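Dear colleague,

Please find below the sequence and structure that I am handing over to you. My account of what was found follows directly after.

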Amino acid sequence: MSLLTVHHIGYLVKKIEKAKDAFLSLGFQVEQDTLRDEIRKVDICFLLKDGYRIELVSPYAGDSVVSGLMKRYKNSPYHICYETADFEAAFADLTANGYIAIDTPTPAPALDGRDVVFLSSAVLGMIELIRP
Ligand code: NI
């Protein structure tokens, strides 16, 4: 398996500004303030604490990519994003190890346009892979 490093933990929230304030009260700092991802119809911001990065993700439309997940999970962590030096090799390794791609690599505006892809594992649920 390719070497993977954790980039962030994705955290689904209904109200992003209230959630951000709550995380700030816990000692997190804003790394990147709220941006709208019109491809996925979600608002996103990044927070940091103690070397941990959390991505708040909040749907702003009923047909966002996470609207179905929101119904199931409410406010909850829901994916871990991994970074790797060789995106194609890591993607191939993951799919060879039972991970199933949920979408195709697509630019993420909140991540400087870097490609991300989501994969699902029967054992671990959803993960995200980000292109360097
Ligand atoms: Ni993410």
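Helices (H or I, at least four residues) and strands (E, at least two) are DSSP runs, numbered from the N terminus. Please bear in mind that this is a predicted model.

I begin with the overall fold. The protein has three helices and nine strands, which follow one another along the sequence in the pattern β-α-β-β-β-α-β-α-β-β-β-β. Its radius of gyration is 14 Å, close to the 14 Å that the globule rule gives for 132 residues, so the protein is as compact as a globular protein of that length. The C-alpha trace spans about 40 × 35 × 25 Å along its principal axes. Of the 132 residues, 40% count as buried. The accessible surface comes to about 7,200 Å², and carbon and sulfur atoms account for 55% of that area. Among contacts between residues at least 6 apart in sequence, 54% join residues at least 24 apart.

The metal site comes next. Which residues coordinate the nickel ion? The donors are H8 (NE2), E55 (OE), H79 (NE2) and E128 (OE), at 2.0 to 2.1 Å. Along the chain these donors follow the spacing H-x46-E-x23-H-x48-E. Two of the residues, E55 in strand β4 and H79 in strand β5 (residues 76-83), are 24 residues apart, and this pair links distant parts of the chain. Both are covered by the protein: E55 is buried at 5% relative accessibility, and H79 is buried with a relative accessible area of 3%.

Why is the arrangement around the nickel ion classed as irregular? The four donor atoms subtend angles of 86 to 179°. A tetrahedral assignment requires all angles to lie between 85 and 135 degrees, and the upper end of the range, 179°, therefore does not satisfy that condition. The arrangement is accordingly described as irregular. I would add that water is not among the atoms, so sites may look incomplete.

I turn now to the charged side chains. The structure holds ten salt bridges, and I describe some of them here.

One of them joins K20 and E17, with 2.9 Å from N to O. Where do these two residues stand relative to each other in helix α1 (residues 16-25)? They are three residues apart in that helix, and so are separated by about one helical turn. Their surroundings are as follows: K20 counts as buried at 7% relative accessibility, whereas E17 is partly exposed, with a relative accessible area of 40%. The pair also belongs to a network of salt bridges that links E17, K20 and D33.

Another salt bridge joins the side chains of E31 and R53, at 2.7 Å from N to O. This pair links distant parts of the chain, since E31 is in strand β2 (residues 29-37) and R53 is in strand β4 (residues 52-59), 22 residues apart. E31 is partly exposed, with a relative accessible area of 38%, and R53 counts as partly exposed at 22%. Strand β4 also contains the nickel ligand E55.

A further salt bridge is formed between D50 and K49, whose closest N and O atoms are 3.5 Å apart. Is D50 buried or exposed? At 62% relative accessibility, D50 counts as exposed. K49, by contrast, is partly exposed, with a relative accessible area of 27%.

Finally, two lysines deserve a mention for their backbone geometry. Phi of K41 is near 60°, a positive value in a residue other than glycine. K41 lies in the loop between β2 and β3 (42-49), and counts as partly exposed at 28% relative accessibility. Phi of K74 is likewise near 60°, and this too is a positive value in a residue other than glycine. K74 is found in the loop between α2 (67-73) and β5, the strand that also holds the nickel ligand H79. At 45% relative accessibility, K74 counts as partly exposed.

With kind regards

Technical notes. Residues are numbered from 1 along each chain as its sequence is written. This is a predicted model: local features need pLDDT of at least 70, side-chain atom pairs count only at pLDDT 80 or more; totals for chains, interfaces and linings use all residues. Side-chain values use heavy atoms; hydrogens and water are left out. A salt bridge is a side-chain nitrogen of Lys or Arg within 4 Å of a carboxyl oxygen of Asp or Glu. Buried means under 20% relative accessible area, exposed over 50%, partly exposed in between (1.4 Å probe, protein chains only). Donors are N, O and S atoms within 2.8 Å of the metal (3.2 Å for Na, K and Ca); water is not among the atoms, so sites may look incomplete. Four donors count as tetrahedral if all angles lie between 85 and 135 degrees; four count as square planar and six as octahedral if opposite donors are over 155 degrees apart and all others between 65 and 115; anything else is irregular. The radius of gyration is taken over C-alpha atoms; the globule rule is 2.2 Å times the number of residues to the power 0.38. Contact means heavy atoms within 4.5 Å. Accessible areas come from the Shrake-Rupley method with a 1.4 Å probe; for residues, only the protein chains shown count as cover.
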